[in-house]
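Hi,

Here is the structure I promised to pass on. Have a look at it first, and then read on for what turned up.

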Amino acid sequence: MPTIVHEFAWPDRLVVGTVGRPGAREFYLQARTKARIVTVALEKQQSALLAQKVDEMLDKLKSTEGNPFRVPDSTPVELVDNDPLEQPLDTQFRAGAMSLGWDPTTAEIVIEAYAIAEVNDVDRDEFGPEPIEVEPSEALLVRIPLGTARAFAKRTREVVGAGRLSCPLCGYPMNPEGHVCPQPGTL
């Protein structure tokens, strides 16, 4: 079965947001154009890495000699988005693999998220012990301009960083119910 691709070119909105309390938050990547909304579940680490890699790509592009594109150093004020995720939250799929690219022909950052591909035991038996490649059932493909990419990365870093406080001794996150610090002599 072919992969269903949810494609957005310059969406009205692209954000990472969360649902839940710190320590039990669920992360989502959400794209919207007019009334069309696609929501993909992410891991916190995927969200953090995506923001980091978008910023690195923009910084590298900005520092490339002869670059004809205007790459903002910070988020343009008009692109700041601190609103919550669009409701109702209808998750299309959970992201497994993700990719990030640059399209110089359109001056766009390209973000792709692919559904976790599942292989059941019957499929494995059919193909034997050799590894098999399974196409994901769904994918999200988003193309955004450079300013939007910078705003997306900033918001994502803020969302990821808004979780639980870190223990000053061990650096691990502290739960609201308490924290058992693994540092010697602190138990």
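Before anything else, a word on names: helices and strands here are DSSP runs, numbered from the N terminus, with H or I over at least four residues for a helix and E over at least two for a strand. Also keep in mind that this is a predicted model.

With that in hand, you can find Lys-34, which sits in the loop between β3 (26-33) and β4 (36-42). Its phi is positive, about 50 degrees, although Lys-34 is not a glycine. Most residues other than glycine have a negative phi. Is Lys-34 buried or exposed? Lys-34 counts as exposed, because its relative accessibility is 67% and the cut-off for exposed is over 50%.

Trp-10 is another one to look at. It lies in the loop between β1 (4-9) and β2, and its phi is positive too, near 50 degrees, in a residue that is not glycine. With a relative accessible area of 49%, Trp-10 is partly exposed.

One peptide bond also deserves a look. Most peptide bonds are trans. The bond that joins Gln-87 and Pro-88 is cis, with omega at about -5 degrees. You'll find Pro-88 in the loop between α1 (44-63) and β5 (91-103).

Now for the overall layout. The protein has 3 helices and 7 strands, and from the N terminus on the elements go β-β-β-β-α-β-β-α-β-α. Of its 187 residues, 36% count as buried. If you take the contacts with a separation of 6 or more, 63% of them are between residues 24 or more positions apart.

How are the strands ordered in the sheet? It is an open sheet of 7 strands with mixed pairing, and the order is β1-β7-β6-β5-β4-β3-β2. β1 and β2 stand at the edges with a single partner strand each, so one side of each has no neighbour in the sheet. On average, neighbouring strands are turned by 30 degrees against each other, ignoring direction.

For a closer look at one pairing, try β4 and β5: they run parallel and are joined by 3 bridges. Val-40, for instance, has Phe-93 in β5 as its bridge partner.

Helices pack on this sheet as well. α1 touches β2, β3, β4, β5 and β6 (108-115), and its direction makes about 15 degrees with that of β5. α3 lies across β2, β3, β5, β6 and β7 (138-145), and runs at about 5 degrees to β2.

Last, the pocket. Rolling a probe the size of a water molecule over the atoms shows where empty space is left. The largest pocket comes out at a volume of about 260 Å³. Its lining has 16 residues, and the closest to the centre are Leu-14, Leu-79, Val-80, Asp-81 and Ala-151. Which elements give two or more residues to that lining? They are β2 (13-19) and α3 (146-161). The largest share, 6 residues, comes from α3, the helix that also lies across β2. Sorted by class, the lining has 7 nonpolar, 3 polar and 6 charged residues.

If you open the model yourself, Lys-34 in its loop between β3 and β4 is one place to start, and the pocket lined in part by β2 and α3 is another.

Cheers

Definitions and conventions
Residues are numbered from 1 along each chain as its sequence is written. This is a predicted model: local features need pLDDT of at least 70, side-chain atom pairs count only at pLDDT 80 or more; totals for chains, interfaces and linings use all residues. Side-chain values use heavy atoms; hydrogens and water are left out. On a 1 Å grid over the protein atoms alone, a cavity is a set of points where a 1.4 Å probe fits but cannot get out, and a pocket is an open set with protein on both sides within 12 Å along at least five of seven lines; lining residues have an atom within 4 Å of a point. Grid points are joined across faces, edges and corners, and a volume is the space filled by probe spheres set on the points. Ala, Val, Leu, Ile, Met, Phe, Trp, Tyr, Cys and Pro count as nonpolar, Asp, Glu, Lys and Arg as charged, and the others, Gly among them, as polar. Buried means under 20% relative accessible area, exposed over 50%, partly exposed in between (1.4 Å probe, protein chains only). Two strands pair if DSSP finds at least two bridges between them. Axes are lines fitted to C-alpha atoms, for helices over the stretch in contact, and angles run from 0 to 180 degrees between N-to-C directions. Contact means heavy atoms within 4.5 Å.
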